Amino acid sequence: MRNDFLWGGATAANQCEGGWQEGGRGPAIVDVLPHGERRLAVMNGTCDYRSLSADTFYPGRQAIDHYGRCREDIALFAEMGFKCYRFSISWSRIFPDGEGERPSEEGLRFYDSLIDELLKYGIEPVVTLCHFDIPLALVEKYGSWRSRRVIDCYLRYCQVLFRRFQGRVRRWITFNEINMLMHLPFMGAGIRFEEGENELQVKYQAAHHELVASALAVKLAHQIDPESQAGCMLAAGSVYPYSCRPEDVWESMEKDRETYFFIDVQARGEYPSYARKLFEREGIQIAMEPGDEELLRENTADFIALSYYNSRTVRADGQGEASGGNVFASAKNPYLKVSQWGWPIDPLGFRITLNALYDRYRKPLFVVENGLGALDTLTEDRTVEDDYRIGYLSSHIRAMMDAVDEDGVDVIGYTAWGCIDLISATTGEMSKRYGLIYVDRDNDGNGTNERIRKKSFWWYKDVIASNGESLKRDSEQ
């Protein structure tokens, strides 16, 4: 791997920070995502969170208290040898109601402290501006990204961050997994639906507002700090046809396009022809303002960030056994093993995905999420023997290295998700653990929040120290 390769870990404020009523923070989407059977309905915008009972448990409100323990966590990241740490900033910690003239100084000081702590250890901050996060006040006042007015709120927020952290943050990501808007509209973008309305129209109009906001953020980042880079991000994973039937192949291409749509705009600078034809067929009218298309064309992303957890398989007839996997529907692939949550495990699919993205966009790639959610058991000697996680991560990192060394894909970094146990975005569970560091907390919010190094902690430390060479040695043995 290149000598300046950015090994590290990734989290998100909405899944680890907690402190929802501390430091002047205002309510955000995460604060109304419940634990339990109604979580999915709230996330996809079909259940109004205001209808939930008073005794509902919201796991993200406390999460793992990264807000109160970030110095302790960063010291553990430094012990692992992180070169970078990808995290997100809570918008409502900076602007509690999402707008206003003056940001919260207390919120800014928290991130000042966090960033300074990272830099003290030589860890580069990689900051996501909006990671499934929008102040609840903007949802209530404007309907979130339905309204073009939210673009101005987002740009004011971005401007404050770009100026405050100029020279200390070099890499920004405008939106986390921006394509998740199409699958979990409320969690992804604060979109709720009214009965009977055209949901596809609403989602694509909100998408346009986010795409314009992203382009404006890229432009603003370059104006304020010409040395900075602003990237986009997608939830990635190549889609296989279930068979060589042309109908299955066509279906897989259609599903790939659903994923690529946002990045086609953000990286290529224009709406792709297949999207325009979709809009014609579905009667979707995208309200644009003069200059939008020029703005998109002239302010494309500097790099493509991505998450990869699994590949997908599709059948044109919709038949066959279903498989799990990061929200996206998938047919069961008989050639792949699955995780405890039913997600296919496909390291070669990772290499395929990296090649597909690099061939399509010819921009540097940054793997900012990859990991295995699993049930962990704390042993009597207070560790976790998570060889299953080591196996998953090692096979995927080797696949990434093959994409770089054998295929010539330009990958600038890899951050394991989540480097410390945190709340699962999709299920709200604590028991679905991804971390290299165990956190003593359960699904009901009980526990001490104590941090404990897992076996994978020491393994990843060796991977980073050797710049991936330890994995080559292991494969040769």
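**Exercise 1.** How many of the 7 residues of strand 12 (residues 411-417) are buried?

*Solution.* Before starting, note that this is a predicted model, in which local features need pLDDT of at least 70 and side-chain atom pairs count only at pLDDT 80 or more, while totals for chains, interfaces and linings use all residues. Residues are numbered from 1 along each chain as its sequence is written, and side-chain values use heavy atoms, with hydrogens and water left out.

Step 1. Buried means under 20% relative accessible area, exposed over 50%, and partly exposed in between (1.4 Å probe, protein chains only). Strands (E, at least two residues) and helices (H or I, at least four) are DSSP runs, numbered from the N terminus.

Step 2. In strand 12, 7 of the 7 residues are buried, so this strand is largely enclosed by the rest of the structure.

**Exercise 2.** Find the strands that pair with strand 12, and follow the chain into it from strand 11.

*Solution.* Step 1. Two strands pair if DSSP finds at least two bridges between them.

Step 2. Strand 1 (residues 6-10) pairs with strand 12 in the parallel sense over 5 bridges. Here G9 has A416 as its bridge partner.

Step 3. Strand 11 (residues 365-369) runs parallel to strand 12 and is joined to it by 3 bridges. V367 stands opposite Y414 of strand 12.

Step 4. From strand 11 the chain passes through helix 14 to strand 12, a right-handed β-α-β crossover. Right-handed means that, with the strands pointing away from the viewer, the path from the first strand over the helix to the second runs clockwise.

**Exercise 3.** Describe the place of F175 in the model.

*Solution.* Step 1. F175 lies in the loop between strand 4 (171-173) and helix 8 (185-189).

Step 2. F175 counts as buried because its relative accessibility is 3%.

Step 3. Contact means heavy atoms within 4.5 Å. Leaving out residues up to four places away in sequence, F175 touches T128, C130, W145, Y154, E210, A213, S214 and M233.

Step 4. Take A213 from that list: F175 and A213 are 38 residues apart in sequence, and their C-alpha atoms are 9.6 Å apart.

**Exercise 4.** Which residues of helix 9 (residues 199-224) and helix 10 (residues 246-268) make their contact?

*Solution.* Step 1. The two helices pack at an angle of about 35°, with axes 10 Å apart. Axes are lines fitted to C-alpha atoms over the stretch in contact, and angles run from 0 to 180 degrees between N-to-C directions.

Step 2. Y204, A207, L211 and S214 of helix 9 meet F261, F262, V265 and Q266 of helix 10.
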